[in-house]
Amino acid sequence: SQLNDIEDAMARAKRDGKPVLLDFYATWCTDCIRMEKTTFADARVRAQLKNYVLLQADVTDNNDASIAIKKKFSVFGPPALLFFNAEGNERKNLRFYGYRNAEEFLALLGKV
């Protein structure tokens, strides 16, 4: 399942001592698409994210798999971005919903 895949990837990241960015995404989510085209396309953001394990939870369909993963991470819907440090702990104060531009996003990455 998607949840198992994400949990496995997070466990690997923790073993490798890498931080994780978990992106809750849906094809109908306009802010998600806007971030893909702007924030995540920004060269500075891409350079910063090289050190991260990037995971995406696709919650396009409101099915059991989507419900399970939203419940596991206490996310009500996309766009939601969750940051985990190299020890595998979520930096809950950095979690956000909605759109962030490259500058705002880089400022958050500086705090992980």
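This passage describes the sheet of a predicted model, the helices on that sheet, one buried acidic residue and two features of a loop.

The sheet is open and has 4 strands. Their order is β2-β1-β3-β4, and the pairing is mixed. Strands β2 (53-58) and β4 (96-97) stand at the edges. Each has a single partner strand, so one side of each is left without a neighbour in the sheet. Helix α1 (residues 2-16) packs on the sheet. This helix touches β1, β2 and β3 (80-84), and its direction makes about 165 degrees with that of β2. A further helix, α5 (residues 102-109), lies across β1, β3 and β4. Helix α5 runs at about 30 degrees to β3.

The pairings can be taken in turn. Strands β1 and β2 are parallel and share 6 bridges. Here Tyr25 stands opposite Asp58 in β2. Strands β1 and β3 are antiparallel, with 5 bridges. In this pair, Phe24 has Ala80 of β3 as its bridge partner. Strands β3 and β4 are also antiparallel, and 2 bridges link them. Leu81 stands opposite Phe96 in β4.

Strand β3 is mostly covered, with 5 of its 5 residues buried. In a regular strand the side chains alternate between the two faces of the sheet. In β3, both faces are covered. Ala80, Leu82 and Phe84 are buried on one side, and Leu81 and Phe83 are buried on the other.

Strand β1 (residues 20-25) contains Asp23. This residue is buried yet has no salt bridge. A salt bridge would need a side-chain nitrogen of Lys or Arg within 4 Å of a carboxyl oxygen. The nearest side chain of opposite charge belongs to Arg100, and that side chain is 12 Å away. Asp23 does have a polar partner: its side chain makes a polar contact with the side chain of Gln56, at 3.0 Å. Leaving aside neighbours within four places in sequence, the residues in contact with Asp23 include Glu36, Phe40 and Leu55. Ala80 and Leu81 are also among them.

The loop between α4 (64-73) and β3 holds Pro79. The peptide bond from Pro78 to Pro79 is cis, and its omega is near -10 degrees. Ser74 lies in the loop between α4 and β3 as well. Ser74 is not a glycine, although its phi is positive, at about 55 degrees. Ser74 is exposed, with a relative accessible area of 57%.

Methods
Residues are numbered from 1 along each chain as its sequence is written. This is a predicted model: local features need pLDDT of at least 70, side-chain atom pairs count only at pLDDT 80 or more; totals for chains, interfaces and linings use all residues. Side-chain values use heavy atoms; hydrogens and water are left out. Buried means under 20% relative accessible area, exposed over 50%, partly exposed in between (1.4 Å probe, protein chains only). Lys and Arg count as positive and Asp and Glu as negative; His and the chain ends are not counted. A polar contact is a pair of N or O atoms within 3.5 Å; within protein, one must be able to donate a hydrogen and the other to accept it, and residues adjacent in sequence count only if both atoms are side-chain atoms. Contact means heavy atoms within 4.5 Å. Two strands pair if DSSP finds at least two bridges between them. Axes are lines fitted to C-alpha atoms, for helices over the stretch in contact, and angles run from 0 to 180 degrees between N-to-C directions.
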